Amino acid sequence: MVVLSPSLLSLPTIHFFRYEAGSNGRGMLSHKNSNYSRKFHKKITMCCSVPSKPNSQKVLWRRDLLLFALSSSLSTLFPSSGCLAEEDVRMASFVDEINAYTYSYPVELPSKKFLFKWVESRKPERYSSAAPLSPDARLRIVSERVDIVDNLIISVSIGPPNVQFLKSNDKKTWAAKDVADSVLSDKSALRVTSSQRMSESSVLDAHASEIDGEQYWYYEYLVRKSPTKSAQESNLYRHYVASTTEREGYLYSLNASTLSKQWTKMGPLLEQIVASFRLLPPTDNYVPPYKDPWRFW
């Protein structure tokens, strides 16, 4: 369900912290007043508070290649400059009652007469029938939205924690970097080990925040692979921001991404999307991830 609203809603400020390797090998998070500060974030103001489904990993690969090819050609036809988030943004609110979460995404920049071209590539579905992100099928995409012209992807995935990184059952003790590593270790279409999957990604920032009594972990990362095997330029890598939270033993993650070369323009908008992600109280339509694991429809 998508709702448009002209009203403004102030969301909490989400700070990202630069992650630096420490002497103990686990690393540390540096505060914004340190030498490693980044100039994230102003208080986010949005119009309101939120997402679809190929059947194979080959389709996923072709989708990414198509996004890259079309965005490269269309960007030359429809050039734009500056940071889009500096403009007034009209947002739409998306609600997934099957998995009980919500988020907001931009639909228009009225002052520039700019419209986003979102397509719901994966409609919301239950965890048991959702498309897996890796051969072991632990992490699965339950909804996805793409803008082919601007090369933007918003996806929500669900999966169990990886005990290699999250050893405690007490989620209040989980570090944001460990949560990010847990999610990214299961996020790969390649038949490789968890450590090899992690080598495809590099976490730049990680931070935890408690909102309405729930713990949310925010992180920023790059995926170290390009849309084509022959092209290896760094500006072809995808730049992600993500939010993860836990319910009933499963991690719910929203990822928003674009190509690195478009990050300056699109990054602040993606951060707004991530900041709006919330779990909702379950309704009669809610299907918990552990229910009927054999069911694929």
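The legends below describe close-up views of a predicted model.

**Figure 1. The whole chain, with its secondary structure and surface.** The chain has 297 residues, and 54% of them count as buried. Its secondary structure comes to four helices and 17 strands. About 14,300 Å² of the chain is exposed, with carbon and sulfur atoms supplying 55% of that area.

**Figure 2. Thr-102 in strand S7.** Strand S7 spans residues 101–109 and includes Thr-102. With a relative accessibility of 8%, Thr-102 falls under the 20% limit and therefore counts as buried. The side chain of Thr-102 reaches the backbone oxygen of Phe-94, at a distance of 2.8 Å. This pair lies within the 3.5 Å limit for a polar contact.

**Figure 3. Lys-113 in the loop between S7 and S8.** Lys-113 lies in the loop that separates S7 from S8. The relative accessible area of Lys-113 is 75%, so the residue is exposed, the cut-off being over 50%. Its phi is near 55°, a positive value in a residue that is not glycine. Most residues other than glycine have a negative phi.

**Figure 4. Phe-116 in the loop between S8 and S9.** Strand S8 (114–115) and strand S9 (118–122) flank the loop that holds Phe-116. Phe-116 counts as buried because its relative accessibility is 9%. Tyr-105 lies eleven residues away from Phe-116 along the chain, and the C-alpha atoms of the two are separated by 9.7 Å.

**Figure 5. Asn-151 in the loop between S11 and S12.** The loop containing Asn-151 connects strand S11 (140–147) with strand S12 (152–159). Asn-151 has a relative accessible area of 0% and is therefore buried. The phi of Asn-151 is near 55°, again a positive value in a residue other than glycine.

**Figure 6. Helix H2 and its cover.** Helix H2 comprises residues 176–185 and is mostly covered, with ten of its ten residues buried. Nonpolar side chains among the buried residues include Ala-176, Val-179, Ala-180, Val-183 and Leu-184. The charged residues Lys-177, Asp-178 and Asp-181 are also buried, as are Ser-182 and Ser-185. In an α-helix, residues three or four places apart point the same way, as there are 3.6 residues a turn.

**Figure 7. The second largest cavity and its lining.** This cavity has a volume of about 40 Å³. Leu-139, Gly-159, Pro-160, Ser-182, Val-183, Asp-186 and Leu-251 line the second largest cavity. Four of the lining residues are nonpolar, two are polar and one is charged. The nonpolar ones are Leu-139, Pro-160, Val-183 and Leu-251, the polar ones are Gly-159 and Ser-182, and the charged one is Asp-186. Ser-182 and Val-183 of the lining are also among the buried residues of H2.

**Figure 8. The hairpin of S13 and S14.** Strand S13 covers residues 201–211 and is mostly covered, nine of its eleven residues being buried. S13 and strand S14 (residues 214–223) run antiparallel and are joined by ten bridges. One of the residues in these bridges is Ile-211, whose partner in S14 is Glu-214. The hairpin has two residues between the strands, and Asp-212 takes a positive phi near 50° there. In a regular strand, side chains alternate between the two faces of the sheet.

Conventions: Residues are numbered from 1 along each chain as its sequence is written. This is a predicted model: local features need pLDDT of at least 70, side-chain atom pairs count only at pLDDT 80 or more; totals for chains, interfaces and linings use all residues. Side-chain values use heavy atoms; hydrogens and water are left out. Buried means under 20% relative accessible area, exposed over 50%, partly exposed in between (1.4 Å probe, protein chains only). A polar contact is a pair of N or O atoms within 3.5 Å; within protein, one must be able to donate a hydrogen and the other to accept it, and residues adjacent in sequence count only if both atoms are side-chain atoms. On a 1 Å grid over the protein atoms alone, a cavity is a set of points where a 1.4 Å probe fits but cannot get out, and a pocket is an open set with protein on both sides within 12 Å along at least five of seven lines; lining residues have an atom within 4 Å of a point. Grid points are joined across faces, edges and corners, and a volume is the space filled by probe spheres set on the points. Two strands pair if DSSP finds at least two bridges between them. Accessible areas come from the Shrake-Rupley method with a 1.4 Å probe; for residues, only the protein chains shown count as cover.
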